[in-house]
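Here is a short round of questions and answers on one protein model. Look at the rings and the loops as you read.

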Amino acid sequence: MLDISVYKEAVMQSSSGIAIADMKTDDFPLVFVNPAFERMTGYPASEAIGRNCRYLQHPEFNQPERTLLRQAIQLKQACTVRIKNFRKSGEMFWNQLQISPVFDSRHVLAYYIGVQTDISAQVRLEQLLLEEKHRLEAVNAELEVRAGRDSLTNLHNRRALDEKLEAYVATAKNSGISVNMFFIDVDFFKKYNDTYGHQAGDQALRLVADALQQLCQRPADFVARYGGEEMAFVSLGMSSSEIQNLAGSLCQKIRSLNIPHVHGVNGNLTISVGCASIFPAESGDQETLVTKSDQAVYRAKEAGRNRWFYSE
């Protein structure tokens, strides 16, 4: 069995700060700190011993980790947190603090041992990596916008849709034909995500997008992701009967995918479709078409979903 002096020397030579708090005395003062603790905090043992170690925490910082520590002590449990501490110089450092209870022979809580590790360099690196991740995400998002494609569904994106509608309105105004829009909303999609998870939700959106793309048969047909679970299908010069037939085909196409949805209509994933047309040569513009389509899909959802509504 090792001599007690070996244990003591190991504690004194440890590169981690070690402090011991007396849990039998009011306010749990420190009764021991090792040299690494002194170096890390800048407080010599003479200034640390006899004080509660909360003096290392700035009172203006409302850190939830402090609550975790208090709860662990109340429950007489071990706990590890990453917390902001302050050296005697006022410099902040990140402390990975691990506290462990020590019980006496009667199983009464006698001490808490705290092991401190300065992880400031690690936290700074993590913050730099996170900032770089966000920067790259912003760059990728900008590239995606410029490319005109939605990265999840590979449909055209909202910007491409706006540009296409603007071009279609100009064409229709000169030729006297109609611009047609189908606003598509996946029914109960939030509940789908909540039930099956976001990865399954993403896959469902891809399947819906592929199915809609398959119905692009005419040269003017154009489908895009409008945002979230909303998509849009636009075209030119469609008659009223063609619009209604396509709206029915859109709903049926998604039903035929047979994607299970316990909270959906008839147990499957479905869509609601709002259809609208304008004749720019007579009246109406891009904003009018989008508004009419949006109102129409609302009517379809209000009527029970898994259906279409045509705003003539």
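Q: Over the ring of which residue does the charged end of Lys24 sit?
A: The model is a predicted one. A charge counts as sitting over a ring if NZ of Lys is within 6 Å of the ring centre and within 35 degrees of the ring normal. The charged end of Lys24 is 4.1 Å from the centre of its partner ring, and that ring belongs to Tyr111.

Q: How far from the centre of the Phe188 ring is the charged end of Arg305?
A: For Arg, the cut-off is 6 Å from CZ to the ring centre. The charged end of Arg305 sits over the ring of Phe188, at a distance of 4.2 Å.

Q: How many aromatic pairs are there?
A: Rings pair if their centres lie within 6.5 Å. By this rule, the count is five.

Q: Is the pair of Phe182 and Phe233 stacked or edge-to-face?
A: The ring centres are 5.7 Å apart, and the planes make an angle of 85°. Planes over 60 degrees apart count as edge-to-face. So the pair of Phe182 and Phe233 is edge-to-face.

Q: How many residues apart in the chain are Phe182 and Phe233?
A: Phe182 is in strand E6, and Phe233 is in strand E8 (residues 230–236). The pair links distant parts of the chain, and the separation is 51 residues.

Q: Is Phe182 buried or exposed?
A: The cut-off for buried is under 20% relative accessible area. Phe182 has a value of 0%. Therefore Phe182 counts as buried.

Q: Is the pair of Phe189 and Tyr192 stacked or edge-to-face?
A: Both residues lie in helix H7 (residues 189–196), three residues apart, about one turn of the helix. Their ring centres are 6.1 Å apart, with 5° between the planes. Planes under 30 degrees apart count as stacked. The pair of Phe189 and Tyr192 is therefore stacked.

Q: Which residues do ring pairs link into a cluster with Tyr196?
A: Ring pairs build a cluster that contains Tyr196. The other members are Phe189 and Tyr192.

Q: With the side chain of which residue does the side chain of Ser178 make a polar contact?
A: Ser178 lies in the loop between helix H6 (158–175) and strand E6 (179–186). Ser178 is buried, at 3% relative accessibility. Its side chain makes a polar contact of 3.0 Å with the side chain of Asn180.

Q: What is the phi of Asp27?
A: Most residues other than glycine have a negative phi. Asp27 is found in the loop between strand E1 (17–22) and strand E2 (30–33). Its phi is positive, near 70°.

Definitions and conventions:
Residues numbered from 1 in each chain as written. Predicted model: local features only at pLDDT ≥ 70, side-chain atom pairs only at ≥ 80, totals over all residues. Heavy atoms only, no water. Helix = DSSP H or I, 4+ residues; strand = E, 2+ residues; numbered from the N terminus. Buried < 20%, exposed > 50% of the residue type's maximum accessible area, 1.4 Å probe, protein only. Polar contact = N/O pair within 3.5 Å; in protein donor to acceptor, adjacent residues only side chain to side chain. Phe/Tyr/Trp six-rings, centres within 6.5 Å; stacked < 30°, edge-to-face > 60°.
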